Amino acid sequence: MVDDELRRPALPAPTVGILPCSGRNERVVRYALRASAAPMSVATYTYDSLPADERTSLPNVEVLSAALLPDT
């Protein structure tokens with residue numbers, strides 16, 4: 001979706017995606033990524049454990065939650 005809707009054609013770099021999960025569930029990850037032919041890595045982290053410079057380059061948990069959860 002990002003490549004189709006948001007990516008600017010002038011940027012030749014590949015899109016990097018993040019699949020946020022609230023817990024470890026291999027079935028969910030396999031289902032979400034099964035059609036992907038791109039190389040990928042899987043990592044576990046918590047926002048608070050990231051170095052400060054990386055935290056400032058990522059949206060915080062409130063911003064991510066607001067983007068992912070439907071309005072109630």
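This report describes selected residues and helices of one predicted protein model.

## Basis and confidence

The model is predicted: local features need pLDDT of at least 70 and side-chain atom pairs count only at pLDDT 80 or more, while totals for chains, interfaces and linings use all residues. Residues are numbered from 1 along each chain as its sequence is written, and side-chain values use heavy atoms, with hydrogens and water left out.

The average pLDDT (the predictor's confidence in each residue, from 0 to 100) is 76 for the protein. A score of at least 70 is reached by 92% of the residues. Helices here are DSSP runs (H or I, at least four residues), numbered from the N terminus. Among the elements of the protein, α3 has the highest mean pLDDT, 85, and helix α1 (residues 2-6) the lowest, 73.

## Tyr47 and Pro59

Tyr47 is placed in the loop between α2 (26-33) and α3, and Pro59 in the loop between α3 and α4. Buried means under 20% relative accessible area, exposed over 50%, and partly exposed in between (1.4 Å probe, protein chains only). Tyr47 counts as partly exposed because its relative accessible area is 25%. Pro59, at 35%, is also partly exposed.

These two residues are 12 places apart along the chain, and their C-alpha atoms are separated by 9.5 Å. Contact means heavy atoms within 4.5 Å. Leaving aside residues up to four places away in sequence, Tyr47 touches Arg55, Leu58, Pro59 and Asn60. With the same exclusion, Pro59 touches Tyr47 and Leu64. From Pro59 to Leu11 the C-alpha distance is 22 Å, with their positions 48 residues apart in sequence.

## Ser57 in helix α3

Ser57 belongs to helix α3 (residues 52-57). Its relative accessible area is 57%, so Ser57 is exposed. The side chain of Ser57 reaches the backbone oxygen of Glu54 at 2.9 Å.

## Helix α4 and the nonpolar patch

Helix α4 covers residues 61-68 and includes Leu68; Ala67 lies in this helix too. Leu68 is exposed because its relative accessible area is 56%, and Ala67 is exposed at 65%. The C-alpha atoms of Ala67 and Arg30 are 23 Å apart, and the two residues are 37 places apart along the chain.

Leu64, Leu68 and Leu69 form a nonpolar patch on the surface, with about 300 Å² of accessible area together. Patches are made of residues with over 30% relative accessible area and no salt bridge; like charges are joined within 9 Å, and nonpolar side chains (Val, Leu, Ile, Met, Phe, Trp, Tyr) within 5 Å. A salt bridge is a side-chain nitrogen of Lys or Arg within 4 Å of a carboxyl oxygen of Asp or Glu. Accessible areas come from the Shrake-Rupley method with a 1.4 Å probe; for residues, only the protein chains shown count as cover.

Conventions: Helices (H or I, at least four residues) and strands (E, at least two) are DSSP runs, numbered from the N terminus. A polar contact is a pair of N or O atoms within 3.5 Å; within protein, one must be able to donate a hydrogen and the other to accept it, and residues adjacent in sequence count only if both atoms are side-chain atoms.
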